[in-house]
Amino acid sequence: MKTYLVTGAAGFIGCNFVRYIMQAHGDQCRVIVVDALTYAGNLGSIADLLEHDNCSFVKCDIGDHDAIAKLLAENDVDYIVNFAAESHVDRSITGPRIFVETNVLGTQNLLDCARFAWRLPDGSYPESKKFLQVSTDEVYGSLSKDFEQAEPLALDDDLKPLADGRTDMKTYGRNFFEETTPVSPRSPYSASKTAADLLVLAYHETYGLPVNVTRCSNNYGPYHFPEKLIPLLINNILQGKKLPVYGRGENVRDWLYVEDHCRAIDLVLQRGRLGEVYNVGGFNEESNINIVRLVIDTVARLIKENPDYMKVVECDPALINDNLIEFVTDRPGHDMRYAINPSKIVRELGWFPTTPFTRGIEHTVRWNLEHRDWVKSVTSGDYQSYYEKQYNR
Ligand code: NAD
Ligand code: TYD
């Protein structure tokens, strides 16, 4: 039986992670969710999980020393998994300070609380304990593109048997972020995540705290807040609203289905070597403009195939086509390409991202079509004024 303290689990990836471990481990896990419920946190995302006796929720800021120390004193926590963060690059450009407060100081507070709660009299830590920092490939900075169009990605021979039949891997370049790539963040968001990573690794070196850092690429899937590209596109399409594409839509990201990511985190918790960083990527690079077209096509196809979905379309379905695309002013300092080499986690822990992009996008669009209440609830209130400010500048 393991006790997980999962911060930020009212947000996108955290709620999927709690869902994943409760399904994978059943009664063998106990989960304490800690979340400050910022604009990005929504208790509705975990309401069904909180009905189980082994899952509880505490509303708390990760920077609140007394509250976190008390939680750790009262519960024999094995794993702290830190998802809590300010996570949106665009918001970090308009208001960077909160990114430092939450992502840097909040993480440092969690580390200190873990250090004092877990340390044994001889200064060592029990083998069962681990602090896992969920980080991002954005700490490595930006890569250039070598190809205009995506080209097939050749897997190393020893990885092929693990590929689970996937043949759709793509890349726009020859260089990839490795765990050994020097950090070089370029936005306030990625700078704050980098600072947090370095603190986590420093606590391992200095105090011996058992830690891992995972650095993943762009996630997508259910419960994704519609300020990020993919859920924003789906939400706008269903309302017949324009689809804002920064610059010319040439920027490339590596996309990872959220459930594949959750499986990776759980494996690193159980078997990751202490003090190590693990890159987690989808072997799936795509340009923004291709994603926009794929999402439009997928929505159009699914509503045509299933008349029930028509009920949630708020515009003339004939308008769902490429004419919705609108090229808008680019993001300042917009990173051109993120591409991750996840071979280390594949080789060491036998993990592989098994969800092909077209299948993951179809699941994500279906989920959004079938959960309009969730989308409406998270986009009421502050979302509207954020959207006005961000896109009608
Ligand atoms: P999210 O914005 O959807 O959720 C963040 C959650 O953290 C929310 O529930 C929010 O209420 C909570 N939170 C914010 N400040 C807090 C505080 N001070 N104390 C406690 N809770 C607080 O984020 P996400 O997309 O689920 O990302 C989770 C983690 O993964 C983040 O650390 C992010 O940097 C990292 N990450 C995300 C992606 C991605 O594609 N979404 C990619 C790479 C890394
Ligand atoms: P986003 O989902 O914000 O993730 P990140 O900035 O962490 O990669 O953006 C993904 C890509 O989509 C990024 O290149 C910026 C671009 N983008 C748009 O073109 N339009 C939008 O409205 C948003 C939110 C993002």
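**Entry 1. The three-stranded sheet**

I began with the open sheet of three strands, which has the order β9-β11-β13 and mixed pairing. The model I am reading is a predicted one. I then asked which strands stand at the edges of this sheet. They are β9 and β13 (285-287); each has a single partner strand, so one side of each is left without a neighbour in the sheet. I noted the turn between neighbouring strands of this sheet as 50 degrees on average, with direction ignored.

I next looked up the pairing of β9 with β11 (residues 252-257). The two strands run parallel and are joined by three bridges. Within this pair I found N218 opposite W255 of β11.

**Entry 2. The seven-stranded sheet**

I turned to the open sheet of seven strands and wrote down its order as β3-β2-β1-β4-β5-β8-β12. The pairing here is parallel. At the edges I recorded β3 (55-59) and β12 (277-280), each of which pairs on one side only. From one strand to the next, the twist averages 20 degrees.

I examined one pair in this sheet, β1 (residues 2-7) with β4 (residues 79-82). These strands run parallel, and I recorded four bridges between them. For Y4, I found the bridge partner in β4 to be Y79.

**Entry 3. Helices across the seven-stranded sheet**

I asked which strands helix α2 (residues 65-74) lies across. They are β1, β2 (29-35), β3 and β4, and the helix runs at about 170 degrees to β2.

I made the corresponding entry for helix α7 (residues 258-271). This helix lies across β1, β4, β5 (130-136), β8 (211-216) and β12. Its direction is at about 145 degrees to β5.

**Entry 4. Ligand 1**

I asked how many residues surround ligand 1 and which are the closest. There are 29 residues around ligand 1, and the closest are I13, D35, S87, Y189 and K193.

I then looked up polar contacts of the ligand's oxygen atoms. For I13 the contact is with the backbone: an N or O atom of its main chain lies 2.7 Å from an oxygen atom of ligand 1. For S87 I recorded an N or O atom of the side chain at 2.7 Å from an oxygen atom of ligand 1. Y189 also places a polar side-chain atom 2.7 Å from an oxygen atom of ligand 1. Ligand 1 taken alone exposes 830 Å², of which the protein buries 97%.

I checked which elements give two or more residues to the shell around ligand 1, and listed α1 (12-25), β5, α5 (188-207) and β9 (218-220). The most comes from β5, with three residues. I note that β5 is also among the strands that helix α7 lies across, and that β9 is an edge strand of the three-stranded sheet. By class, I recorded 14 nonpolar, eleven polar and four charged residues in the shell around ligand 1.

**Entry 5. Ligand 2**

I repeated the search for ligand 2 and found 17 residues surrounding it. The closest are E138, R253, R331, H334 and Y391.

I looked up side-chain contacts to its oxygen atoms. R253 has a polar side-chain atom 2.8 Å from an oxygen atom of ligand 2. In the side chain of N288, an N or O atom is 2.9 Å from an oxygen atom of ligand 2. For H334 I recorded 2.7 Å between a side-chain N or O atom and an oxygen atom of ligand 2. Taken alone, ligand 2 exposes 510 Å², and the protein buries 97% of that.

Which strand gives the most to the shell around ligand 2? I found this to be β10 (residues 243-246), with three residues. My last tally divides the shell around ligand 2 into seven nonpolar, five polar and five charged residues.

Definitions and conventions: Residues are numbered from 1 along each chain as its sequence is written. Chains are lettered from A and ligands numbered from 1 in the order in which they are written. This is a predicted model: local features need pLDDT of at least 70, side-chain atom pairs count only at pLDDT 80 or more; totals for chains, interfaces and linings use all residues. Side-chain values use heavy atoms; hydrogens and water are left out. Two strands pair if DSSP finds at least two bridges between them. Axes are lines fitted to C-alpha atoms, for helices over the stretch in contact, and angles run from 0 to 180 degrees between N-to-C directions. Contact means heavy atoms within 4.5 Å. A residue is near a molecule or strand if one of its heavy atoms lies within 4 Å of it. A polar contact is a pair of N or O atoms within 3.5 Å; within protein, one must be able to donate a hydrogen and the other to accept it, and residues adjacent in sequence count only if both atoms are side-chain atoms. Accessible areas come from the Shrake-Rupley method with a 1.4 Å probe; for residues, only the protein chains shown count as cover. Ala, Val, Leu, Ile, Met, Phe, Trp, Tyr, Cys and Pro count as nonpolar, Asp, Glu, Lys and Arg as charged, and the others, Gly among them, as polar.
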